[in-house]
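Please look through the structure below with the sequence beside it, and keep the numbered points that follow to hand as you do so.

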Amino acid sequence: EIDGVKLWTTNGVVAELLVVMARVPESPGHRGGVTAFVVEADSPGITVERRNGFMGLRGIENGVTRFHRVRVPKENVIGGEGQGLKIALATLNTGRLSVPACCAGAAKWALSIARQWSAERVQWGRPIAEHEAIAARISFIAATAFALESVVELTSRLADAGGNDIRIEAALAKLWASELAWQVADDLVQIRGGRGYETAESLAARGERAVPAEQLLRDLRINRIFEGSTEIMHLLIAREAVDTHLAVAGDLAEEDADLRAKARAVVGASGFYAGWLPRLLVGAGLNPGSFREFGALAPHLRFVERSARKLARATFYGMARWQARLQRRQGFLGRVVDIGAELFAMAATCVRAAALRGEDEEQGRTAERLADTFCRQSRLRVERLFDALWTNTDDEDRELAGSVLRGDITWLEAGILDPSEGTGPWIARSRSGASTEPNLARRYEL
Ligand SMILES: Cc1cc2nc3c(=O)[nH]c(=O)nc-3n(C[C@H](O)[C@H](O)[C@H](O)COP(=O)(O)OP(=O)(O)OC[C@H]3O[C@@H](n4cnc5c(N)ncnc54)[C@H](O)[C@@H]3O)c2cc1C
């Protein structure tokens with residue numbers, strides 16, 4: 001029997017079959033633990049309590065599902081008792097790749113709209129594409145769309161090949177794609193100006209092309225939250241990245257290990273690091289002839305190689321400086337992971353451009369330009385992130401957040417109308433029939 005409530009069940013409210021993760025209590029003959037079950041959605045005891053509404057993703061169904069003494073036959077257990085978490089984590093890897101795939105599709109569409117609209121819209125006597133500020137956004141969208149597709153292709157190939165442990169690659173792809181696609185959509189809205197903020201429905205009602213740029217922004221926003229939020233992906237990937245060090249340094253990184261254990265760990269670790277650290281100082285990236293097969297893109301791959309070693313050194317310094325406290329340095333870890341993601345995207349992009357060149361000379365040339373510009377943009381981000389590893393406001397931010405939470409600064413919150421206060425009606429109607437937030441409606445007597 002399954003009992004419990006699940007908040008947020010994408011398409012669960014319309015599905016015929018549900019995969020439910022439930023905790024089985026330990027008991028004689030039962031090892032217990034999180035277990036996966038196939039459950040028929042029309043089983044007695046299942047009720048959909050609510051259907052949730054969201055900022056975007058209105059094409060999916062989502063709700064709150066309650067299970068009250070739902071009987072499930074034993075043969076509906078997937079993979080055995082206690083295997084649920086393992087199954088969830090394994091399927092997450094490939095499932096996670098659907099996020100970058102959506103992001104790549106979104107960026108390709110954004111590129112198409114940006115190209116058409118920025119040529120059509122004339123301001124100050126020229127198409128807006130010819131104003132440098134807009135050209136920069138078009139370039140960012142094009143370069144990022146190419147990189148997003150390259151990352152999707154590389155990670156999907158790794159997944160399709162089977163037998164590869166793609167945990168880090170899938171997580172990096174999900175993290176990076178969701179962040180970059182959001183910036184692409186934001187740039188598209190900016191290029192469209194007021195029309196970017198207007199709904200497709202409203203545009204169509206005025207006789208204009210129904211371009212849903214604002215919908216793209218709303219739909220993409222969730223990608224930074226679900227399938228592992230950006231913050232959680234940072235921690236998950238960082239943990240994988242520093243795992244070797246934690247294994248080698250052992251008790252050194254344990255907060256509560258005693259001094260003798262720490263001393264032993266130093267002796268053990270120093271042997272490893274005596275071999276490892278020098279290897280981080282030299283590599284192919286220092287050799288001007290390396291990666292020659294990538295032609296004009298070779299310098300970017302040398303940068304990737306050099307930066308990967310620099311990143312490993314920085315991670316080591318972070319370990320040495322903060323030891324076990326490193327895991328709470330989320331600002332530092334987040335930047336380390338973001339640098340890794342940029343390097344991954346750069347490598348994927350150069351490899352794809354080289355492959356395209358082999359297929360079609362003409363397309364290969366433009367692909368190389370896309371990859372080159374992408375790598376230059378990415379390198380600037382990487383350099384800023386490296387600087388921010390050591391020059392940042394992390395300490396000040398933690399202190400200020402502490403002040404906010406202690407209530408020292410509530411005076412700054414005075415003088416506003418809080419739309420979440422009061423008891424409804426939640427949605428008021430303006431004279432034109434459009435919905436408005438309740439407090440604003442009251443204030444302006446709409
Ligand atoms: C449209 C939609 C569809 C969904 N579909 C499904 C579904 O089908 N199945 C399902 O199981 N779930 C689903 N979810 C749930 C979704 O996976 C979660 O909302 C998501 O994992 C974030 O969890 P949370 O909302 O509890 O955020 P919280 O855990 O409350 O996090 C709030 C904020 O704190 C950050 N945070 C949390 N912990 C840490 C930490 N240790 N360090 C630093 N920062 C931290 C988070 O990143 C976030 O920014 C869906 C959600 C939505 C909105």
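The points below take up a small sheet-forming region, a few backbone and surface details, and the salt bridges.

1. The coordinates are those of a predicted model, and every value quoted in this note was computed from that model. Residue numbers count from 1 along the chain as its sequence is written.

2. Three strands make up an open sheet, arranged in the order β2-β3-β6 with antiparallel pairing. The edges are taken by β2 (17-24) and β6 (77-78), each of which pairs on one side only. Between β2 and β3 (residues 33-40), the antiparallel pairing runs over eight bridges, and Val19 has Val38 of β3 as its bridge partner. Helix α1 (residues 84-96) packs on this sheet, where it touches β2, β3 and β6, and its direction makes an angle of about 75 degrees with that of β3.

3. Two residues deserve a look at the backbone level, since neither is a glycine and yet each has a positive phi. For Asn11, phi is near 60 degrees; this residue sits in the loop between β1 (2-7) and β2, and it is partly exposed, with a relative accessible area of 33%. For Arg69, phi is about 45 degrees, and the residue belongs to strand β5.

4. Which residues form the nonpolar patch on the surface? The patch consists of Leu7, Trp8 and Phe54, which together present about 310 Å² of accessible area. Phe54 is placed in the loop between β4 (46-51) and β5 (63-70). Its relative accessible area is 32%, so Phe54 counts as partly exposed, and this value also satisfies the requirement of over 30% that applies to members of a patch.

5. The model contains 27 salt bridges, one of which joins Asp395 to Arg329, with the closest N and O atoms 3.2 Å apart. Because Asp395 lies in helix α13 (residues 394-406) while Arg329 lies in the loop between α10 (298-322) and α11 (330-359), this pair ties together parts that are 66 residues apart in sequence. Asp395 itself is partly exposed, at a relative accessible area of 39%.

6. A salt bridge within one helix is that of Glu361 and Arg365, whose closest N and O atoms are 3.8 Å apart. The two residues are four apart in helix α12 (residues 361-390), so about one helical turn separates them. Glu361 is partly exposed at 45% relative accessibility, and Arg365 is likewise partly exposed, with a relative accessible area of 42%.

7. Asp408 and Arg406 also form a salt bridge, with 3.6 Å between the closest N and O atoms. Is each partner exposed or partly exposed? Asp408 is partly exposed, with a relative accessible area of 41%, whereas Arg406 counts as exposed at 59%. Elsewhere, salt bridges that share partners join Lys108, Glu149, Glu153, Arg157 and Arg352 into one network.

8. A last point concerns Arg239, which is found in helix α8 (residues 230-249) and is exposed, with a relative accessible area of 55%. The C-alpha atoms of Arg239 and Val337 are separated by 9.9 Å, although these two residues are 98 residues apart along the chain.

Definitions and conventions
This is a predicted model: local features need pLDDT of at least 70, side-chain atom pairs count only at pLDDT 80 or more; totals for chains, interfaces and linings use all residues. Side-chain values use heavy atoms; hydrogens and water are left out. Patches are made of residues with over 30% relative accessible area and no salt bridge: like charges are joined within 9 Å, nonpolar side chains (Val, Leu, Ile, Met, Phe, Trp, Tyr) within 5 Å. Accessible areas come from the Shrake-Rupley method with a 1.4 Å probe; for residues, only the protein chains shown count as cover. A salt bridge is a side-chain nitrogen of Lys or Arg within 4 Å of a carboxyl oxygen of Asp or Glu. Buried means under 20% relative accessible area, exposed over 50%, partly exposed in between (1.4 Å probe, protein chains only). Two strands pair if DSSP finds at least two bridges between them. Contact means heavy atoms within 4.5 Å. Axes are lines fitted to C-alpha atoms, for helices over the stretch in contact, and angles run from 0 to 180 degrees between N-to-C directions.
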